[in-house]
Amino acid sequence: MERSHSRRSGWHGTTIIGIRKDGQVAVAGDGQVSLGQTVIKGSARKIRRIRTGGQEVICGFAGSTADAFTLVERLETKLEASPGQLTRAAVELAKDWRTDKYLRNLEAMLIVTDGRELLVVTGAGDVLEPEHGIAAIGSGGNYALAAARAMISGSDNAETIARKAMEIAADICVYTNSELCVELIEERG
C-alpha cells in the first residue's frame with residue numbers, strides 16, 4: 001500500500017495473520033498504532049468478529065482504522081444479502097471498493113474468514129485465497145507469513161503457529177508489537 005504513505009501523515013503498520021490448519025482458523029493481530037516514529041497506542045484491537053444471519057465471520061484489518069471499520073460494516077451488509085456465502089460477499093465488497101467514488105479512497109486491507117474460507121480483500125479489487133492456508137497483511141505481514149510457512153507442516157495447531165509467527169514479526173518489524181489479539185473459528189462444512 002505504497003500510496004498510503006505518500007498521502008497520509010505518517011500512519012504506519014500493523015501485522016495481521018490468518019492460519020487455517022486441521023479444521024481451525026486463527027486470526028491474530030498486534031495492537032500497535034504508530035504515527036511516524038511514535039507509538040500512539042499499544043493495545044488497539046484490529047480483529048473483529050461479526051455475526052449476521054446466523055453466520056460468524058472474523059475480520060482482521062491493516063491500514064486506516066476508520067477506513068477498515070467502514071469496510072467491515074460494508075462486508076456485514078454484503079453478508080446479510082448473501083447469507084453463508086463469504087466469497088460472494090467479499091467479491092461484492094471488492095467490486096464496490098474498486099468502483100465506488102467514496103470507497104476507492106479507503107486505505108486498508110482485510111483478512112476475512114468464516115472457518116471454511118480464508119480470504120484477503122484489497123482495494124485493488126482483489127479477493128485472494130492464499131496458498132498453504134496462510135494469509136498475512138500489514139507492515140510485518142511478510143515476516144509473519146515466512147515464519148508461519150516454516151511452521152505449518154509441524155505439529156503445532158493454527159493458534160500456536162499464529163502466535164509464534166506474530167512473535168517473530170514483532171521482533172523484526174518496528175510497527176508491530178507483541179500485544180496480541182487472537183480469534184479462533186472452527187471450520188464448518
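Helix axes here are lines fitted to C-alpha atoms over the stretch in contact, and angles between them run from 0 to 180 degrees between N-to-C directions. With that in hand, the predicted model can be read one helix pair at a time.

Take helix 4 and helix 5 to begin with. Their axes sit 8 Å apart and meet at an angle of about 140 degrees. That value makes helix 4 oblique to helix 5, since an angle has to be over 145 degrees to count as roughly antiparallel. The crossing of helix 4 past helix 5 is right-handed. On the helix 4 side, the contact is made by Tyr 143, Ala 144, Ala 147, Ala 148 and Met 151. Their partners in helix 5 are Ile 161, Lys 164, Ala 165, Ile 168, Ala 169 and Ile 172. Sorted by class, this contact has ten nonpolar residues, one charged and no polar ones.

What about the rest of helix 4? Running from 141 to 151, helix 4 buries Gly 141, Ala 144, Ala 147, Ala 148 and Met 151. These residues cover an arc of only 135 degrees around the axis, so they end up on the same side of helix 4. The general background is simple: an α-helix has 3.6 residues a turn, so residues three or four places apart point the same way. Besides helix 5 (158–172), the buried residues of helix 4 pack against strand 2 (15–21) and strand 11 (134–138). Turned away from that buried side is a face carrying the exposed residues Asn 142 and Ala 150.

Helix 2 and helix 3 (residues 86–99) form another packed pair, at an angle of about 130 degrees and with axes 9 Å apart. Helix 2 and helix 3 are therefore oblique to each other, and their crossing is right-handed. Helix 2 brings Leu 71, Arg 74, Leu 75, Lys 78 and Leu 79 to the contact, while helix 3 brings Leu 86, Ala 89, Ala 90, Glu 92, Leu 93, Asp 96 and Trp 97. By class that gives eight nonpolar and four charged residues, with no polar ones.

Lys 78, in helix 2 (residues 65–81), is worth a closer look. Leaving out residues up to four places away in sequence, Lys 78 touches Ala 89, Glu 92, Leu 93 and Asp 96. Lys 78 and Glu 92 are 14 residues apart along the chain, and their C-alpha atoms are separated by 7.0 Å.

Over in strand 3 (residues 24–29) lies Gln 24. Its relative accessibility is 14%, so Gln 24 counts as buried. Beyond four places in sequence, the residues touching Gln 24 include Ile 19, Asn 157, Ala 158 and Glu 159, as well as Leu 184, Ile 185, Glu 186 and Glu 187.

How values were computed
Residues are numbered from 1 along each chain as its sequence is written. This is a predicted model: local features need pLDDT of at least 70, side-chain atom pairs count only at pLDDT 80 or more; totals for chains, interfaces and linings use all residues. Side-chain values use heavy atoms; hydrogens and water are left out. Buried means under 20% relative accessible area, exposed over 50%, partly exposed in between (1.4 Å probe, protein chains only). Helices (H or I, at least four residues) and strands (E, at least two) are DSSP runs, numbered from the N terminus. The arc is that of the directions from the helix axis to the C-beta atoms. Contact means heavy atoms within 4.5 Å. Angles under 35 degrees count as roughly parallel, over 145 as roughly antiparallel, 65 to 115 as roughly perpendicular and the rest as oblique. A crossing is left-handed if the near helix is turned anticlockwise from the far one by less than a right angle, and right-handed if clockwise. Ala, Val, Leu, Ile, Met, Phe, Trp, Tyr, Cys and Pro count as nonpolar, Asp, Glu, Lys and Arg as charged, and the others, Gly among them, as polar.
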